[in-house]
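Hello,

Here is the structure I promised to pass on to you. Have a look at it first, and then read on for my notes.

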Amino acid sequence: MKSFLIFFFFSISLLSQQDDNKISSDVKLVVGIVVDQMKYEYIPKFWNKYGEHGFKRLINNGFLAKNAHYSYARTSTGLGHATIVTGTTPSYHGIVGNDWYNPAQGKEIYCVDDNNVDPVGTTNKIGKKSPKNLLTTTVSDENRISSNFRAKTLSVSLKDRAAILSGGHTSNQTFWFSEKEGIFVSSSYYMEKLPDWLIEFNSKKNIHNYIDFWDTYYDIDNYIESGPDLNNYEGKFLNKKQSIFPYDLKKLSKNRDGSTDYNAIKYSPYGNEILKDLALKAIIEEELGSDDITDFVHIGFSSPDYIGHKFGSNSKEVQDTYIRLDRTIEEILNFLDKEIGLNNYVIYLSADHGITHSPDFLADNKIPINKILSSKVFPPQLNQYIKNISNYNIFLDKDKIVNMKEDIDDIKIKITNLLLSEPWIYDVYDFTNFKYFETKSSDNYSLNMLLNNSHPKYRGDLAFFVNPFWVKQSSSTSNHGTPTTYDTHVPIIFYGKNIKKGVSYNKLNVKDIAPTLATILGINFPILTTGKIIVDAIK
Ligand SMILES: [Zn+2]
């Protein structure tokens, strides 16, 4: 009888424990890692060069979505970071570009500019930023609200838009890089002054330690996955004549007047290194993940984007950046094991967009890519009615059309016909004619990519979809911002507490990350979530 009773009580307590696990998660820390410009392909492409304890540890012991995409046309940084944390598309979260035209103001705005806040840690304009243009809540906003604001959020990136949009409206501390000064700064939206530990971290002595000699991590002859180091596609880096390894960054970053060009940090793997150190220092100093209330840390690695733009997605520099980032991730994991505890944290890793190969590289290799030299193809009699063309939208000057006694529909038809005669145009859509939408099928990829990108507040009169073999002329070697799979296909990785080991081949959406996390944490979804829970990722 006695042993039966012991067994009985033991079973009851085990059962109730299991039931508890169904509801609450006991995650101490969520670490969101977003690698700027990391297309999905970089995982299999460089797999044999990765160590056992970075990407491989996350993937072999966690969950990998092999077929996750963005579902809107303008695949750029601001929109990507916002989509990951809000669980919805730009059509709802309102970040429809890095910059976009606001018809109500009659001007283009930058996604995180805010003239009503003051710089903190700098007097520079780079500090006048906030998330005021983000039109929904984020997963870490909901986490703070749900915990009665006992939970904390910290967000860091070299890019202001990456740090600010990831952090959401309620981030306690958000820091980004002022490249002119070589320091991390913030704004009065978040705080009155920088914390002492950051002031110390910002000292010149510290940051100059990161500007190092950049040679390949392994012998460059082993980098068979990428193109030749010396080629015709790469941009010039600092004042080096040819963009080939090695880069003596200490020397190359010295300006004539003795000052330092901090692009040496941004455009090298040492940008990831300093950001990682900043994030880990912040976790310790701010005691994140130190109690049972779930905290959030957002880390946005921007250097892979700068490097990819300058050297191109098929470059040795990009390959070396990912080999080194793999080691950086290993260091983050080792730190979290030690400081937070192996079974106390959750990591998600994704990217804000992918990257299209250099158009010249593709053209030289029989992919019939052409360059769009300008989208301003209109004769003066039509051009006078166009206020703005941006993010695939055309905004008409309707007042002028009426004043000139012209017919708006007639002008639209003329513009549409002219565009359709251009080889780089795939199709043009009338964004104000709702009857017309009903005639389009719901699985029309091009129309949906444009609609998901379009918030009604910032919607143009016409929108166009570009032929996939045409890319915009750009000063960058590689670029993104298109609706092709080069730019839409990114990894989603989950790892840690309550994450089921596995892989998914289903077509998933990057907006699925936030509701999946919210489910694991048992908190409200971001308020206009349209993503789905990735059921396969949850234990
Ligand atoms: Zn970019």
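On the surface, Tyr 92, Ile 527 and Leu 528 make up a nonpolar patch, and together they have about 290 Å² of accessible area. Please keep in mind as you read that this is a predicted model. Leu 528 from that patch sits in the segment after helix H22 (513-521). Leu 528 counts as partly exposed because its relative accessibility is 41%.

Helix H22 itself is a good next stop. How many of its nine residues are buried? Eight are, so H22 is mostly covered. The buried ones are Ile 513, Ala 514, Pro 515, Thr 516, Leu 517, Ala 518, Ile 520 and Leu 521. Just after H22 comes Gly 522, which has a positive phi of about 70°.

One residue of H22, Ala 514, also turns up in the surroundings of Thr 86. Thr 86 belongs to helix H4, which covers residues 77-86. Is Thr 86 buried or exposed? With a relative accessibility of 0%, Thr 86 is buried, since anything under 20% falls in that class. Its side chain has a polar atom 2.7 Å from the backbone oxygen of Ala 82. If you set aside the neighbours within four places in sequence, Thr 86 is in contact with His 93, Leu 134, Thr 136, Thr 137, Thr 138, Ala 514, Pro 526 and Thr 529.

Now for the charged pairs. The count of salt bridges comes to 21, and I picked out a few for you.

- Glu 52 and Lys 56 are joined through their side chains, with 3.6 Å from N to O. Lys 56 is classed as buried because its relative accessibility is 10%.
- Lys 266 pairs with Glu 179, and their closest N and O atoms are 2.5 Å apart. Lys 266 is in helix H11 (residues 263-266), while Glu 179 is in the loop between strand E7 (173-178) and strand E8 (183-187), so this salt bridge ties together parts that are 87 residues apart in sequence. Lys 266 is buried, at a relative accessible area of 7%, whereas Glu 179 is partly exposed, at 36%.
- Asp 461 pairs with Lys 398, and here the closest N and O atoms are 2.8 Å apart. Asp 461 lies in the loop between helix H20 (445-452) and strand E17 (462-466), and Lys 398 lies in helix H17 (residues 398-403), so the pair links parts that are 63 residues apart in sequence. Asp 461 counts as buried at 5% relative accessibility, and Lys 398 counts as partly exposed at 36%.

There is a network to look for as well: Glu 273, Lys 276, Asp 277 and Glu 331 are joined into one by salt bridges that share partners.

Finally, let us step back to the chain as a whole. Which domains is it divided into? Domain 1 takes in 27-357 + 481-537, and domain 2 takes in 370-468. Their C-alpha centres lie 33 Å apart. In the contact between them, 25 residues come from domain 1 and 20 residues from domain 2.

If you are opening the model for the first time, you could start from Thr 86 and its contact with Ala 514, and then follow H22 to Leu 528 in the segment after it.

Happy viewing, and write back with any questions!

Best wishes

How values were computed
Residues numbered from 1 in each chain as written. Predicted model: local features only at pLDDT ≥ 70, side-chain atom pairs only at ≥ 80, totals over all residues. Heavy atoms only, no water. Helix = DSSP H or I, 4+ residues; strand = E, 2+ residues; numbered from the N terminus. Buried < 20%, exposed > 50% of the residue type's maximum accessible area, 1.4 Å probe, protein only. Polar contact = N/O pair within 3.5 Å; in protein donor to acceptor, adjacent residues only side chain to side chain. Contact = heavy atoms within 4.5 Å. Patch = residues over 30% accessible without salt bridge, like charges linked within 9 Å, V, L, I, M, F, W, Y side chains within 5 Å. Areas by Shrake-Rupley, 256 points an atom, 1.4 Å probe, with all protein chains shown as cover. Salt bridge = Lys/Arg side-chain N within 4 Å of Asp/Glu carboxyl O. Domains from an automatic or database assignment.
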